[in-house]
Each structure stands twice: as structure tokens, then as C-alpha cells.
Amino acid sequence: MANWLMSLTRCKPEALQAQPITAALLAVGSNHDADIHLPHVREKLADLGEIQLSTAFQNPDFTATIELPKPDYTNQCVYLTLAKPVALQQLQQIFKQFECDCQRQRLTEASAAIKTVTMDIDILLISVPQNNSLSKNSNFEGSKWIIMADRYPFKAHERVGLEELISKGG
């Protein structure tokens with residue numbers, strides 16, 4: 001996977017807001033009622049197109065400290081092939097709504113003590129149409145993939161999930 005990733009363009013999401021995308025590699029996670037929220041979000045994602053899932057696994061919150069312990073996360077990567085191209089900005093809004101549907105509370109200065117995250121959906125990579133062609137490419141190498149620069153380098157659990165999905169052939 002490392003060689004394939006190293007060959008990809010990295011862009012800031014702000015520069016791609018209007019870009020239509022045909023697929024996305026996502027990291028989803030929850031550290032509160034994951035057995036409820038993850039299946040709900042997987043169902044919602046499947047409504048947008050076809051999904052392939054990595055293994056869901058539990059791991060510690062990497063931001064936890066002895067002074068500020070946090071519950072473990074259940075994380076999973078998702079390869080989402082959209083039924084129709086969607087602008088990145090629109091997809092981000094859809095994902096924020098999915099998080100809100102799970103009663104996600106965003107951290108603010110006043111609520112910095114929140115330790116639970118019911119649902120977190122992060123876009124790691126997006127696939128864009130090549131040469132203005134909207135034909136579906138069903139494998140990773142056949143598409144033009146772009147790394148979301150704000151998400152790279154990937155966390156260990158994201159790398160594991162991505163490697164599993166890529167090894168399945170996408």
C-alpha cells in the first residue's frame with residue numbers, strides 16, 4: 001500500500017469542495033454505543049451506493065492521557081462507491097448529518113470535557129472522474145484517487161483498514 005499511497009496527490013479539502021467524486025475511502029468510529037451507531041451508519045452509507053467494509057476493531061483513543069482517560073474506539077474503514085457523483089462539499093454535509101443522527105456532539109471550548117463520540121466519519125481519500133468520464137472503476141488502481149491532506153499521514157488503525165480493503169481489490 002505504501003508505494004500506491006506515495007504516488008497519490010494530496011489536496012486540502014477546501015480546494016476540492018466543488019469536485020464531483022465517484023467513490024471515497026472513509027474511516028468511521030465510535031467510542032459510545034458503537035454496536036448501535038456503526039450498523040446505523042453502515043446502513044445509511046449503503047443508501048448512497050455500494051460499500052465494502054474492513055474488519056471493525058477496538059483500539060484505545062490516541063488522545064487519552066492518565067489525567068484525561070477516554071473510552072476505547074471501535075473503528076472501521078469503508079470503501080463507498082457512490083451511485084452517482086456528488087460534490088465533496090455535499091458529501092461532507094451528508095456525513096455531518098449522519099453524525100448528528102447519532103447525537104454526535106462537537107467539541108467546543110465550553111464542552112472540552114466531552115469524552116464520548118457517538119459517531120465520527122472522516123474522508124481519507126476520494127476518487128474523481130478521470131478525463132471527465134463518469135464510468136465506474138471498480139478497483140483502486142483504475143481510479144484517480146486523491147488523499148485528503150488534512151488526514152495524512154493516516155493513523156495506525158486507518159492504515160490497517162485501508163490495507164485490508166485494498167487487498168480485497170476494491
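Colleague: In this predicted model, where does Pro-153 lie?
Modeller: Strand β7 covers residues 144-148, and helix α4 covers residues 156-167. Pro-153 falls outside both ranges, and its place is the loop between β7 and α4.

Colleague: Which residue does a cis peptide bond join to Pro-153?
Modeller: Most peptide bonds are trans, so a cis bond deserves a second look. Here omega is about 5°, and the residue joined to Pro-153 by this cis bond is Tyr-152.

Colleague: Is His-157 buried or exposed?
Modeller: His-157 belongs to helix α4, which spans residues 156-167, and apart from residues up to four places away in sequence it touches Phe-57, Asn-59 and Asn-75. Its relative accessible area is 16%, and because the cut-off for a buried residue is under 20%, His-157 counts as buried.

Colleague: What is the phi of Asp-33, and where is this residue found?
Modeller: Most residues other than glycine have a negative phi. Asp-33 is not glycine and yet has a positive phi; with a relative accessible area of 38%, Asp-33 is partly exposed. Asp-33 is found in the loop between β2 (20-30) and α2 (34-48), and its phi is near 55°.

Colleague: How many helices and strands are there in the protein?
Modeller: Read along the sequence, the elements follow the pattern α-β-β-α-β-β-β-α-β-β-α. Taking each α as a helix and each β as a strand, the protein has four helices and seven strands.

Technical notes:
Residues are numbered from 1 along each chain as its sequence is written. This is a predicted model: local features need pLDDT of at least 70, side-chain atom pairs count only at pLDDT 80 or more; totals for chains, interfaces and linings use all residues. Side-chain values use heavy atoms; hydrogens and water are left out. Helices (H or I, at least four residues) and strands (E, at least two) are DSSP runs, numbered from the N terminus. Buried means under 20% relative accessible area, exposed over 50%, partly exposed in between (1.4 Å probe, protein chains only). Contact means heavy atoms within 4.5 Å.
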